[in-house]
Amino acid sequence: MEQSNPITEPMRHVVYDQFGERDVLKVIQSEVPEPEADQVLIRVHGAGLNPIDWKTRKGLGFAARQIENSLPWTPGYDMAGEVVAVGEEVTTLSPGDRVMGMIGFPSSGGGYSQYAVAGADELAIVPDELDLVAASGVPLAALTAWQALFEVAKLESGQKILIHAGAGGVGHFAVQFALERGAHVIATASANNRDFLAGLGVHEVIDYHTTDVGEECYGLDVVLDLVGGEAGKRSLHTLGEHGVLVTIPTVTADEIISTAESMGLRAHGMTVRPDAFHLDEIAELIEDGDVKVHIDRTFPLEQVADAHELLEGGHVRGKLVLDCR
């Protein structure tokens, strides 16, 4: 049943009208959007931040090419909140439902906002145990980890896996998914994240500042490379002859894959995609207590530039989110 938009007040949201440094981010007011027939309107509680957000803001990467002719643009592919209206073709969701999703990827975005529209097929129900602001940190990072491990690497119980940057946004989900699947998990991190990873159940933590993984690990079944570049290339030496490396940073993926081929090894790049079925499975693991979402810091919408500064620094434990309420 279609519902007309019940919101008459304007909404606050983040935009930038040109690519650049953090000062291009502005908070403005606009009318609340109307959902199309297959969409829902969500009152956003939280918006998750991901490295793609600052790279796109600087005009880097494939998402920037998708949006360069449609600025001004509201960033944010991750959000969680409450459904307030549904389009006429939507039968799976109703007002009041608590949802999370990876929305508008890669060209629409729209998460850094008090209200957002999303396709009903992009959304999963948030477990009651999970606060909606924290839930906004889940979709893109958790889907990246899930698809890399189980679709591309085809990780199985009993296999040995090395996960680079295990304490980061994608990494802290990946180590938990791999452990839940029954793998032996080795993760790289800085020394101050050792206890955090041990607390998640990681079997071995390697301090990348002091130890070369190429000398420490060998015969691995899977490497999940969340760092790229030289770290990715060095990790090829840790693979067993039937092992596979999955590299996530797109900028260096081609050179790592070429190096792997020259060594007679397998390596793949990957781009995450929205998938509500995967997100439902992830939500179930969170509901059962098998996976925890770690939020490093929460920023109000008005402090989006400060959030981007921390995001660009690259040493976030878990996730950063914006409180959009």
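**Close-up views of a predicted model**

**Figure 1. Strand 15 in its surroundings.** In this predicted model, strand 15 (residues 319–323) is mostly covered, with five of its five residues buried. The cover extends to both faces of strand 15: K319, V321 and D323 are buried on one side, and L320 and L322 are buried on the other. Strand 3 (residues 39–48) runs antiparallel to strand 15, and three bridges join the two. Within strand 15, V321 is the bridge partner of G48. Strand 14 (residues 295–300) pairs with strand 15 in the parallel sense, over five bridges. In that region F299 stands opposite L322 of strand 15. Strand 14 and strand 15 also belong, together with helix 11 (residues 304–313), to a right-handed β-α-β unit.

**Figure 2. The packing of helix 4 against helix 10.** Helix 4 (residues 139–152) and helix 10 (residues 276–287) pack with their axes 10 Å apart, at an angle of about 100°. Angles of 65 to 115 degrees count as roughly perpendicular, and helix 4 and helix 10 are therefore roughly perpendicular to each other. On the side of helix 4, the contact is made by P139, A142, L143, W146, Q147 and E151. Helix 10 contributes H278, L279, E281, I282 and L285 to the contact. By class, the residues of the contact of helix 4 with helix 10 divide into seven nonpolar, two polar and two charged.

**Figure 3. The open six-stranded sheet and two helices packed on it.** Six strands with parallel pairing form an open sheet in the order 10-9-8-11-12-13. The edges are occupied by strand 10 (204–207) and strand 13 (266–269), each with a single partner strand, so one side of each is left without a neighbour in the sheet. With direction ignored, neighbouring strands of this sheet are turned by 15° against each other on average. Helix 5 (residues 169–180) packs on the sheet and touches strand 8 (160–163), strand 9 and strand 11 (220–225). The direction of helix 5 makes about 170° with that of strand 8. Helix 9 (residues 250–262) also packs on the sheet, where strand 11, strand 12 (239–247) and strand 13 are touched by this helix. Between the directions of helix 9 and strand 13 the angle is about 165°.

**Figure 4. Strand 9 between strand 8 and strand 10.** Five of the six residues of strand 9 are buried, and the strand is thus described as mostly covered. Strand 8 pairs with strand 9 in the parallel sense over four bridges. One residue pair in this arrangement is I161 with its bridge partner V185 in strand 9. From strand 8 the chain crosses through helix 5 to strand 9, and this β-α-β crossover is right-handed. Strand 9 (residues 184–189) and strand 10 run parallel and are joined by four bridges. Here I186 has E204 of strand 10 as its bridge partner. A right-handed β-α-β unit is made by strand 9, helix 6 (residues 194–200) and strand 10.

**Figure 5. Two cis peptide bonds that precede proline.** The peptide bond from L71 to P72 is cis, and its omega lies near 0°. P72 is placed in the loop between helix 2 (62–67) and strand 4 (78–86). The peptide bond from F105 to P106 is likewise cis, with omega near 0°. The loop that holds P106 lies between strand 5 (98–102) and strand 6 (115–119).

**Figure 6. Positive phi values at K154 and A165.** K154 is a residue other than glycine with a positive phi, near 55°. The loop between helix 4 and strand 8 contains K154. Exposed means over 50% relative accessible area, and K154, at 53% relative accessibility, therefore counts as exposed. A165, also a residue other than glycine, has a positive phi near 55°. A165 is found in the loop between strand 8 and helix 5. Its relative accessibility of 29% places A165 among residues that count as partly exposed.

Terms used. Residues are numbered from 1 along each chain as its sequence is written. This is a predicted model: local features need pLDDT of at least 70, side-chain atom pairs count only at pLDDT 80 or more; totals for chains, interfaces and linings use all residues. Side-chain values use heavy atoms; hydrogens and water are left out. Buried means under 20% relative accessible area, exposed over 50%, partly exposed in between (1.4 Å probe, protein chains only). Two strands pair if DSSP finds at least two bridges between them. A crossover is right-handed if, with the strands pointing away from the viewer, the path from the first strand over the helix to the second runs clockwise. Axes are lines fitted to C-alpha atoms, for helices over the stretch in contact, and angles run from 0 to 180 degrees between N-to-C directions. Angles under 35 degrees count as roughly parallel, over 145 as roughly antiparallel, 65 to 115 as roughly perpendicular and the rest as oblique. Contact means heavy atoms within 4.5 Å. Ala, Val, Leu, Ile, Met, Phe, Trp, Tyr, Cys and Pro count as nonpolar, Asp, Glu, Lys and Arg as charged, and the others, Gly among them, as polar.
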